[in-house]
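Here are a few exercises to work through with the model open beside you. Try each task before reading its solution.

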Amino acid sequence: MTETIDSEPLERSTGTDDEPLVSLWCESHTYPDGTIGMHDVEFAVHADEVVALVGANGSGKSTLLEHLNATLTPDEGELRVTGRRITGNDTAHARREVGFVFQDADSQLVAPTVLDDVMFGLQNNGLPADDAKKRAREALATVDAGHLEGRIPHYLSGGEKRLVGLAGVLVLEPSVVVLDEPFAGLDPERSRLVVERIRRIHAEGISVVLSTHDLDIAAEIADRICVMSEGNVIDNRSPREVFYDEDLLTEANLHPPSTVRITRDAGLDIGSQPVTEAELVTFLDQQSATTDGSGLAHPDGDTSD
Ligand SMILES: Nc1ncnc2c1ncn2[C@@H]1O[C@H](COP(=O)(O)OP(=O)(O)OP(=O)(O)O)[C@@H](O)[C@H]1O
C-alpha cells in the first residue's frame, strides 16, 4: 500500500446536505504486486442513502470499498470523511465514521464469545466494561442476534457471523456502514434477514454502501447503483436507469435483475419500468383491475359488468 496523501491541518465538521459524508478521489490504486486494482475513480456517499456497487469479478468493488475507511489508500488521491481530509498517518477518524463489515467475517471476529467481540471496540475506546456490555447487548438486539451472545464466534454459521460482525460495527455508531458482499454464501432466508437489518440501519439514519452480485437485492434496497468495470466506475445512477440500460449492462458483463428480464421477455409495455418484484406485482394488479378478462382495458377503469 502506498500512502502519498499529503498531510493538512484537520478541522472537524459533519456531512451536510451539500457535502457528502464520504468522498473519494483515486487516480489509481496499485497493489504491491503491481496489479492496478482501480483507477480514475470519483465516488461519494451522501447522508441517508443506500448505494450498491455492482460489477463482474475483479472489477474493483472491494478495492473501492476498502478505500472508504482508509484500509487502502490511493497512489494519488484524496479521501474526505464528514468534511475532514484523511491523511496517510491519521486514519482513526475514517475508521470511526465508516464501519466496515468484511466479507470474510472470521477476519473480524476475534474474541472468545460473541458478546466480548461486540464489546471489543468499545473497550478499546476506553468505555468501562458495564457500559460496553449494555451497548453491545443493544447492538446485538438490533440485528436479532441477542441469543448468540454466549457463543464462540468461530463456530457460528456464515449468516450468524455476518450479523455479529454487523453488530460489532453498529455498536461504534458510525455515519456510514460498508458491507462487502453481505449476501455471499447466505441462504435466501438469511439473505432476507440481512436485507431487513440493512433497511433498519438505513431507517435509523445511517448511510449504507455495499457490494453485491445479487442484482435483484441491489434493485430492491439501493437508491443508487454504482457500476464498476475493469477498475473503473462506469455508471452511477438510479436502479431503474442502470438496469434498463442494455448497452451498459453488456459493457459491464451483467445480467439484469429478474423483474427487468420478465418485463422484457413478456413484452409488457410498462412505462414506469419496474425493477423490483413488488413494483411488477403492483403493475399487474392494476392491469387486472382495469381489464375485463379479455385483456382489454375499460376506458374508465371500471371492472364491473
Ligand atoms: N491483494 C491484492 N493483490 C494484488 N491484486 C489484487 C489484490 N486484491 C485485489 N486485486 C486485484 O485488483 C482487481 C480488483 O479486485 P477486487 O477484489 O477489488 O474486485 P471485486 O470487484 O471486488 O471482485 P469480486 O467480485 O471477485 O470480489 C483485480 O484485478 C484483483 O485481481
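**Exercise 1: the whole chain**

What percentage of the contacts in the protein with a separation of 6 or more comes from residues 24 or more positions apart?

*Solution.* Start with the ground rules. This is a predicted model, in which local features need pLDDT of at least 70 and side-chain atom pairs count only at pLDDT 80 or more, while totals for chains, interfaces and linings use all residues. Residues are numbered from 1 along each chain as its sequence is written.

Next, define a contact: two residues are in contact if their C-beta atoms, placed from the backbone, lie within 7 Å. On that basis, residues 24 or more positions apart account for 65% of the contacts with a separation of 6 or more.

Then take stock of the elements. The protein has eleven helices and ten strands, where helices (H or I, at least four residues) and strands (E, at least two) are DSSP runs numbered from the N terminus.

Finally, look at burial. A residue is buried if 20 or more other C-beta atoms lie within 10 Å of its own, exposed if 12 or fewer, and partly exposed in between. Buried residues make up 39% of the 305 residues.

**Exercise 2: the mixed sheet**

Find the order of the strands in the six-stranded open sheet.

*Solution.* Begin with strand β3 (residues 50–54) and look for its partners; two strands pair if DSSP finds at least two bridges between them.

- β3 pairs with β8 (residues 207–211) in the parallel sense over four bridges. Here V50 stands opposite V208, and L53 stands opposite S211.
- β3 also pairs with β9 (residues 224–229), again parallel and over four bridges. V54 has V227 as its bridge partner there.
- β9 pairs with β10 (residues 232–237) in the antiparallel sense over five bridges, with I225 opposite R237. These two strands form a hairpin with two residues between them, and E230 in the turn has a positive phi of about 50°.

The full order is β6-β7-β8-β3-β9-β10, with mixed pairing. Because β6 (98–101) and β10 each have a single partner strand, one side of each is left without a neighbour in the sheet. The twist averages 20° from one strand to the next; axes are lines fitted to C-alpha atoms, for helices over the stretch in contact, and angles run from 0 to 180 degrees between N-to-C directions.

Now add the helices. Helix α1 packs on the sheet, touching β3, β6, β7 (176–180), β8 and β9, and its direction makes about 150° with that of β8. Helix α5 touches β6 and β7, at about 165° to the direction of β6.

Are the residues of β3 buried or exposed? Five of its five residues are buried: V50, A52 and V54 point one way, and V51 and L53 the other way.

**Exercise 3: the antiparallel sheet**

Which strands are at the edges of the four-stranded sheet?

*Solution.* The order is β2-β1-β4-β5, an open sheet with antiparallel pairing. The edge strands are therefore the ones that pair on one side only, β2 (36–45) and β5 (84–86). Neighbouring strands are turned by 25° against each other on average, direction ignored. For one pair in detail, β4 (residues 76–81) and β5 share three bridges, and V81 stands opposite R84. Helix α1 packs on this sheet, touching β1 (22–30), β2 and β4.

**Exercise 4: the core**

Which residues touch the most other members of the largest nonpolar core?

*Solution.* A nonpolar core is a set of buried Ala, Val, Leu, Ile, Met, Phe, Trp, Tyr and Cys residues joined through C-beta atoms within 7 Å. Of the 74 residues in the largest one, V118, A167, V178 and V209 touch the most other members. Helix α5 (residues 158–170) contributes the largest share, six residues.

Follow V178 outwards: beyond its neighbours within four places in sequence, its contacts include L65, V98, F100 and V209. V118 is one of the buried residues of helix α3 (residues 114–124), whose cover includes α4 (129–142) and α5.

**Exercise 5: the ligand**

Which helix gives the most to the shell around the ligand?

*Solution.* Count a residue as near if its C-beta atom, placed from the backbone, lies within 6 Å of the molecule. The surrounding residues include Y31, D33, N57 and K61. Helix α1 (residues 61–68) gives the most, three residues.
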